[in-house]
Amino acid sequence: MAPKKAKRRQAAEGGSSNVFSMFEQSQIQEYKEAFTIIDQNRDGIISKDDLRDVLASMGQLNVKNEELEAMVKEASGPINFTVFLTMFGEKLKGADPEDVIVSAFKVLDPEGTGAIKKEFLEELLTTQCDRFTAEEMKNLWAAFPPDVAGNVDYKNICYVITHGEEKEEE
């Protein structure tokens, strides 16, 4: 009977009973590892102090208290693993499916090579619509370095956008 009570309670708390079905098991494991890293004091809850400590460990030493409070307030209550996973699920809900994003990139790849020239992509991203800054371009190339010929693998970018992780080389 305990499982029925748990399902009823979760449904009453906003339908979060389905949050684990939104992700593949490997993704859940990766989110659990990330949660464990962020939960610096290992109490099962991500707090302002946990965020401050993990950001400091990444070199961001002067994060304002208001910024940390805003991060924590994105959740409706204490951030345990289920809430953490739910927050990621809600953020990903608005993302287009991978095939839609790949189709958008294919417009820029008429030969169907699966790659776009770095210079061409950089020009588009820095001159059109919601323009990337120099810092954002630097971060993009650090995350997705072009090959020696200057080509960017847009299918990998699309995979990371929709799955939040890089494909493992096999």
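Helices, at least four residues long, and strands, at least two, are DSSP runs numbered from the N terminus. Leu68 lies in one of these elements, helix α4. The model described here is predicted.

The overall make-up of the chain comes first. Its secondary structure comes to 9 helices and 2 strands. Read from the N terminus, the elements follow the order α-α-α-α-α-α-β-α-α-β-α. The chain has 170 residues, and buried residues make up 26% of them. Contacts were also sorted by separation along the sequence. Among those between residues at least 6 apart, 53% join residues at least 24 apart.

The pairing of α3 with α4 gives Leu68 its setting. Helix α3 spans residues 48-57. Helix α4 covers residues 65-73. The axes of α3 and α4 come within 9 Å and cross at roughly 120°. The crossing is right-handed. On the α3 side, the contact is made by Lys48, Leu51, Arg52 and Leu55. On the α4 side, it is made by Asn65, Leu68, Glu69, Met71 and Val72. By class, this contact of α3 with α4 holds 5 nonpolar, 1 polar and 3 charged residues.

Is Leu68 itself buried or exposed? Its relative accessible area is 0%, and the cut-off for buried is under 20%, so Leu68 is buried. Neighbours within four places in sequence are left aside in its contact list. Leu68 is then in contact with Lys48, Leu51, Arg52, Leu55 and Val63. Lys48, Leu51, Arg52 and Leu55 also belong to the α3 side of the helix contact. Ser47 is 21 residues from Leu68 in sequence. In space, the C-alpha atoms of Leu68 and Ser47 are 8.8 Å apart.

Two loops meet through Gly44 and Asn80. Gly44 lies in the loop between α2 and α3. Asn80 is found in the loop between α4 and α5, where α5 covers residues 81-93. Gly44 is partly exposed, at a relative accessible area of 30%. Asn80 is also partly exposed, and its value is 30%. Beyond four places in sequence, Gly44 touches Phe35, Asp39, Ile79, Asn80 and Phe81. With the same neighbours left out, Asn80 touches Phe35, Gly44 and Ile45. Phe35 thus appears in the contacts of Gly44 and in those of Asn80.

Distances between C-alpha atoms add to this picture. Gly44 and Ile79 are 35 residues apart along the chain, and their C-alpha atoms are separated by 8.2 Å. For Asn80 and Asp39, the separation is 41 residues along the chain and 9.2 Å between C-alpha atoms. Asn80 also has a link close by in sequence. Its side chain reaches the backbone nitrogen of Thr82 at 3.1 Å.

Arg42 shares the loop between α2 and α3, in which Gly44 also lies. Helix α2 covers residues 25-38. Most residues other than glycine have a negative phi. Arg42 has a positive phi, near 60°. Is Arg42 buried or exposed? Its relative accessibility is 53%, and exposed means over 50%, so Arg42 counts as exposed.

Two further helix pairs were examined. In one of them, helix α6 (residues 98-106) packs with helix α9 (residues 154-163), and their axes come within 9 Å. The axes cross at roughly 150°. The cut-off for roughly antiparallel is over 145 degrees, and α6 and α9 are therefore roughly antiparallel to each other. Their crossing is right-handed. Helix α6 contributes Glu98, Ile101, Val102, Phe105 and Lys106. These meet Tyr154, Lys155, Cys158, Tyr159, Ile161, Thr162 and His163 in α9. The contact has 7 nonpolar, 2 polar and 3 charged residues.

The other pair is helix α7 (residues 118-127) and helix α8 (residues 134-143). Their axes come within 11 Å and cross at roughly 145°. This crossing, too, is right-handed. Lys118, Leu121, Glu122, Leu125 and Thr126 make the contact from α7. Met137, Leu140 and Trp141 make it from α8. The residues of this contact divide into 5 nonpolar, 1 polar and 2 charged.

Technical notes: Residues numbered from 1 in each chain as written. Predicted model: local features only at pLDDT ≥ 70, side-chain atom pairs only at ≥ 80, totals over all residues. Heavy atoms only, no water. Buried < 20%, exposed > 50% of the residue type's maximum accessible area, 1.4 Å probe, protein only. Contact = heavy atoms within 4.5 Å. Polar contact = N/O pair within 3.5 Å; in protein donor to acceptor, adjacent residues only side chain to side chain. Axes fitted to C-alpha atoms, helices over the stretch in contact; angles between N-to-C directions. Parallel < 35°, antiparallel > 145°, perpendicular 65-115°, else oblique. Left-handed = near helix turned anticlockwise from the far one by under 90°. Nonpolar A, V, L, I, M, F, W, Y, C, P; charged D, E, K, R; others polar.
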